[in-house]
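Biologist: I am new to this structure and would be grateful for a close look at a single part of it. Please begin with one residue and then work outward to its surroundings.

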Amino acid sequence: MAEGGPDAGRGNAPGVRIVVAGDAKTGKSSLILTAATDSFPPNVPPVLPPTRLPDDIYPDKVPVTIIDTSSSPEYRAKLVEELKRADAVVLTYACDKPATLDRLSTFWLPELRRLEVRVPVIVVGCMLDKRDEQNSVSLELVMSPIMQQFREIETCIECSAYRHIQIPEVFYYAQKAVLHPTAPLFDQEAQTLKPRCVRALKRIFILCDLDRDGALSDAELNDFQVKCFNAPLQPSEIVGVKRVVQDKLQEGVNERGLTLTGFLFLHALFIEKGRLETTWTVLRKFGYNNEIRLSEDQLPSPIKRHPDQSVELTNDALDFLRRVFFTFDINGDGALQSNELDDLFSTAPENPWSEAPYKDVAEKDALGGLSVDGFLSQWALMTLLDPIYSVENLIYIGYAGGPSSAIRVTRRRRLDRKKQQSDRNVYQCFVFGPKEAGKSAILNSFIGRPFPEEYQSTTGDQYAVNVVDVEGAKKTLVLREIPEDGVKKLLSSKDALADCDIAVFVHDSSHETSWKRAADLLVDVASHGEATGHEVPCLIVAAKDDLDPYLTEIQDSTRVSQDLGIEAPIPISTKLGDFSNLFQGIVKAAEHPHLSIPETEAGRSRKQYHRLINRSLMFVSVGAAVAVVGLAAYRVYSARKNASS
């Protein structure tokens, strides 16, 4: 594997902006002018204007603009503005003034953190020619504790503008820190590749291992070299690469070629030697950005859709995911255990389901494994909530089709209601209800979690997703629990219900206050739907049916459901596992979105008003038509009379 050359860079990057900061009289302006003109300036202005270095001064040929700054109080606002726009910061101190070096750790570096300037920092000692060599100390010895404390420091260097000592190197290191940063790739303390870097390189290795034998043959190595560096490897070079690996790491090479272990070892070796451009060239050729994620040009464009349209996986993507599932189900038990799931996502930046809202949202077996339905359900949820992120992760695990073949935008829900049916495969149900009504218990039961002995309050939106079999057809149902104190915030948005296929209102059937609060929520949601045009089917769930109901519970809830024109309440007991086919009922109601839509008193009045207006307009139209006909008849009569005269 050859090392990176002039083509290594940030692709079509507009240039690198380097801001030079530090105490007054530490040589900032002299450093910049000497780098730009290759001569020491006899007279230096207080603050230089932005200075552009020649494009061909460094191998990457990326434009470099250097920004001079002042540390005076009146320049403070401008300094902060420039620092926040920087790609890299050069912090200067004067080699003959130890106090200016101390100021780096007591003021400048903490100040960058306070301002949240998260860019590489190059520490530069200027005026090296003025330092008393008798009192000099090792730069490494002085800077080592500072670099331990401030990991953002990329490099330390001392220079002299007057004697032209290491001036070009200062801005070369600054540019290199931007184009080829160390931090995303390598853990300096542990001296190992960082996990995200390992995952990206593993994916690249798999993509290049065309015969899938777990090693890069000589031909595959050569193809990799041509793709990344635009130059073939000579047979002697291939032998040399493998010998270097094998001398240090015997398992890095086998009879079939360079193994993944050897491939990773080579990159660690390049980085340790300071050849970061080699690894960055490889990563960028395969579409990675500085965060070691796929760059935006590798992903689908933002999806154009109405708020009441959702996104689902296509059959092509689902077939691919089924194949992936059975490939990684190593023990053939029909479930992906946590270690198998980690292996599956080992070529992604991280396991996307390790954090909310995707963590523990699907049904698992007794050993914590995901069935194929649970696996596909998780993907359905991720595609519903963040389709671009879902496609990104599909690509990481090997999906080779284009983004358009992986996802589809569904028909508008408004049109579904008009056509009186939905063609969706994934339905989202909002679960409303007062505290302690049993919302979380329904979500837990839906994905097979045991009934909790103690009540735990839900503080944020929670999800549960599973496959529901309705008359032989499999549909994916997403339950989204809306905490009672989150309803007001939710309904503050006009499109709050746009992505909702059906809403369920849960109440504790043994408490009258629980029912009254659930009824209020139902009216609030129904009113919002009527006002915004995002009406949704609604169902009432009478939970805790194992407890004695309050005296008028059945009459009250039945009366309200009749008044609103929706189905009678569904009694369930999560404790006894009696759900009265609740989940099938939710899906059926979502499939026929014109039914079970509640109509409030205000909504009825609004409809009656519109009917009266339309009727009035119709009478006006009819009257106008009669008048026109009468006028025409009169004209005919007049014409005949005149003719007879």
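Why does Ala-498 count as buried?

Modeller: Ala-498 counts as buried because its relative accessibility is 2%, and buried means under 20% relative accessible area, against over 50% for exposed and in between for partly exposed, with a 1.4 Å probe and protein chains only. The model is predicted, so local features need pLDDT of at least 70 and side-chain atom pairs count only at pLDDT 80 or more, while totals for chains, interfaces and linings use all residues. Residues are numbered from 1 along each chain as its sequence is written, and side-chain values use heavy atoms, with hydrogens and water left out.

Ala-498 sits in the loop between α17 (487-490) and β17 (502-508); helices (H or I, at least four residues) and strands (E, at least two) are DSSP runs, numbered from the N terminus. Leaving aside neighbours within four places in sequence, the contacts of Ala-498 are Pro-307, Asp-308, Arg-413 and His-534, where contact means heavy atoms within 4.5 Å. Ser-310 is 188 residues from Ala-498 in sequence, yet their C-alpha atoms are 9.4 Å apart in space. In the protein as a whole, 72% of the contacts between residues at least 6 apart in sequence join residues at least 24 apart.

Arg-413, one of the contacts of Ala-498, leads to the largest cavity, since Arg-413 also belongs to its lining. A cavity is a set of points on a 1 Å grid over the protein atoms alone where a 1.4 Å probe fits but cannot get out, and lining residues have an atom within 4 Å of a point. By this rule there are two cavities of 30 Å³ or more. The largest has a volume of about 70 Å³, a volume being the space filled by probe spheres set on the points, which are joined across faces, edges and corners. Besides Arg-413, its lining includes Asp-416, Arg-417, Cys-500 and Asp-501. Helix α15 (residues 413-419) gives the most to this lining, with three residues. By class, the lining has five nonpolar, one polar and six charged residues; Ala, Val, Leu, Ile, Met, Phe, Trp, Tyr, Cys and Pro count as nonpolar, Asp, Glu, Lys and Arg as charged, and the others, Gly among them, as polar.

Glu-535 and Val-536 line the largest cavity, and both are also found in the lining of the second largest cavity. That second cavity holds about 40 Å³ of space. Among its other lining residues are Val-525, Ala-526, Gly-529 and Glu-530. Helix α18 (residues 512-532) gives the most here, with four residues, and the classes come to six nonpolar, one polar and two charged.

As a setting for these parts, the protein has 21 helices and 19 strands. Of its 645 residues, 49% are buried, as Ala-498 is. About 32000 Å² of the protein is exposed, and carbon and sulfur atoms supply 52% of that area, computed by the Shrake-Rupley method with a 1.4 Å probe.

Terms used
On a 1 Å grid over the protein atoms alone, a cavity is a set of points where a 1.4 Å probe fits but cannot get out, and a pocket is an open set with protein on both sides within 12 Å along at least five of seven lines; lining residues have an atom within 4 Å of a point.
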